[in-house]
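The following account leads the reader through a single structure, from a pair of residues to the pockets and the ligand. The sequence and the model are shown first.

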Amino acid sequence: MDKVFKRNNVVINSTEKIITMDRFNLKNKVVLITGGSGFFGSQIIQALVEKKAKVINIDKKKGKEKKGKIFYYETNILNEKKLNQAYKIIIKKFKKIDVIINNAAIDYKPNKKNKLQDNFSTTTLDRWNHEISVGLTGAFLVTKIFSKYMIKKKKGIILNIASDLSVIAPDQRLYKHLNTHKPVTYSVIKHGIVGFTKFLASYFADRNIRVNSISPGGILHKQDKKFIKKIKQLIPLRRMAKKNEYKEIIQFLCSDASSYMTGQNIIIDGGRSTI
Ligand SMILES: NC(=O)c1ccc[n+]([C@@H]2O[C@H](COP(=O)([O-])OP(=O)(O)OC[C@H]3O[C@@H](n4cnc5c(N)ncnc54)[C@H](O)[C@@H]3O)[C@@H](O)[C@H]2O)c1
């Protein structure tokens with residue numbers, strides 16, 4: 001049997017045959033995600049577990065757990081004191097944090113149940129403050145607290161979840177028949193997340209912490225039929241995303257496979273933002 005050793009992330013045997021390692025592998029990596037109990041967060045967790053990561057889900061709503069793989073930690077990401085406590089507990093238990101994913105946000109689903117009574121002109125300051133807090137302040141607090149470990153170790157990856165609405169405006173005609181609208185906060189948060197990503201990428205570059213964001217288009221999931229029909233017309237591929245279509249980009253951005261990428265916003269939207 002050939003002697004095998006590792007050099008620069010490739011496995012080499014004694015006859016210098018290179019066996020490339022799976023650079024998407026997340027074995028022994030500890031990933032912390034916010035909002036992992038929700039619709040997209042649980043898909044992100046599946047994508048990471050498939051590559052053998054241990055995932056800690058920080059959410060105020062109970063999430064699924066899986067022994068040795070998925071851990072749930074109940075916290076409101078707006079509570080700095082609780083986040084600091086969580087940091088201590090998590091470091092004690094898991095010894096490290098390799099990846100942070102800022103995913104939690106308030107995302108009203110377009111159906112008859114989720115009617116927003118107000119419009120832009122009547123949006124209350126309370127609603128503005130609350131939504132901006134969850135989507136932006138929460139990402140700031142979580143990153144500030146949990147990146148402490150990465151700064152110390154001079155290594156880490158941060159992934160921010162934006163939206164196709166980080167680069168284009170919502171088309172309010174999609175929501176008109178439901179007598180609702182996409183709130184202004186969503187645009188501000190998602191454009192802000194891209195700015196946050198660029199800031200952090202530049203700020204953390206010398207600490208070997210890479211920071212990127214993804215901007216997914218809407219995922220097909222029990223939306224109102226008329227809404228689906230209308231949105232398809234705005235997407236060159238003429239359909240919404242399927243549930244598993246973001247899996248590989250998440251695995252890529254959370255692993256060494258993206259080792260030379262930082263500060264980028266990857267838009268995967270069936271081409272919607274190009275027309
Ligand atoms: N669903 C889509 O089609 C889609 C498309 C593009 C982008 N996104 C983005 O993906 C992310 C997740 O969206 P989703 O569809 O899963 O929404 P979701 O509402 O299903 O999940 C959001 C999760 O965040 C949690 N959360 C909210 N406020 C919190 C707080 N203060 N503290 C802790 N946890 C909190 C909720 O409990 C929930 O589990 C969002 O950033 C959203 O903008 C979703």
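**A serine pair, two pockets and a ligand**

Ser 166 is buried, with a relative accessible area of 4%. The model in which this value was computed is a predicted one. Ser 166 is found in the loop that connects S8 and H4. Leaving aside residues up to four places away in sequence, Ser 166 touches Lys 190, His 191, Val 194, Ser 215 and Asn 265. With one of these residues, Ser 215, the contact is polar and joins side chain to side chain at 2.8 Å.

The partner in this contact, Ser 215, belongs to strand S9, which spans residues 209-216. How accessible is Ser 215? Its relative accessible area is 0%, and Ser 215 is therefore classed as buried, the limit for that class being under 20%. With residues up to four places away in sequence again left out, the neighbours that Ser 215 touches are Ala 162, Ser 163, Asp 164, Ser 166, Asn 265, Ile 266, Ile 267 and Ile 268. Asn 265 thus appears among the contacts of Ser 215 and also among those of Ser 166.

Thr 122 presents another setting. This residue is placed in the loop between strand S7 (99-102) and H3. Its relative accessibility is 46%, so Thr 122 counts as partly exposed, a class that lies between 20% and 50%. Thr 122 and Pro 216 are 94 residues apart along the chain, and their C-alpha atoms are separated by 29 Å.

Attention now turns to the open spaces of the model. Rolling a probe the size of a water molecule over the atoms reveals where empty space remains. The largest pocket has a volume of about 1100 Å³. Its lining is made up of 47 residues, and those nearest the centre are Ala 105, Ile 106, Asp 107, Lys 109 and Tyr 186. Two or more lining residues are supplied by each of helix H1 (39-50), strand S5 (54-59), helix H3 (125-153), helix H4 (184-204) and helix H5 (225-232). H1 provides the largest share, which is three residues. Classified by type, the lining of this largest pocket comprises 23 nonpolar, 15 polar and nine charged residues.

The second largest pocket has a volume of about 290 Å³. It is lined by 16 residues, with Lys 29, Lys 155, Gly 156, Ile 157 and Asp 256 nearest its centre. The elements giving two or more residues to this lining are H3 and strand S8 (156-161). Here the division by class is five nonpolar, four polar and seven charged residues. H3 therefore figures in the lists for both pockets, giving two or more residues to the lining of the largest and two or more to that of the second largest.

The ligand remains to be described. Which residues lie closest to the ligand? Of the 27 residues that surround it, the closest are Phe 40, Asp 59, Asn 103, Lys 109 and Tyr 186. Lys 109 and Tyr 186 are also named among the residues nearest the centre of the largest pocket. Polar atoms of the protein approach oxygen atoms of the ligand at several points. A polar backbone atom of Phe 40 is 2.7 Å from a ligand oxygen, and a polar backbone atom of Gly 38 is 3.2 Å from a ligand oxygen. For Lys 109 it is a polar side-chain atom that lies 2.7 Å from an oxygen atom of the ligand.

Methods
Residues are numbered from 1 along each chain as its sequence is written. This is a predicted model: local features need pLDDT of at least 70, side-chain atom pairs count only at pLDDT 80 or more; totals for chains, interfaces and linings use all residues. Side-chain values use heavy atoms; hydrogens and water are left out. On a 1 Å grid over the protein atoms alone, a cavity is a set of points where a 1.4 Å probe fits but cannot get out, and a pocket is an open set with protein on both sides within 12 Å along at least five of seven lines; lining residues have an atom within 4 Å of a point. Grid points are joined across faces, edges and corners, and a volume is the space filled by probe spheres set on the points. Helices (H or I, at least four residues) and strands (E, at least two) are DSSP runs, numbered from the N terminus. Ala, Val, Leu, Ile, Met, Phe, Trp, Tyr, Cys and Pro count as nonpolar, Asp, Glu, Lys and Arg as charged, and the others, Gly among them, as polar. Buried means under 20% relative accessible area, exposed over 50%, partly exposed in between (1.4 Å probe, protein chains only). Contact means heavy atoms within 4.5 Å. A residue is near a molecule or strand if one of its heavy atoms lies within 4 Å of it. A polar contact is a pair of N or O atoms within 3.5 Å; within protein, one must be able to donate a hydrogen and the other to accept it, and residues adjacent in sequence count only if both atoms are side-chain atoms.
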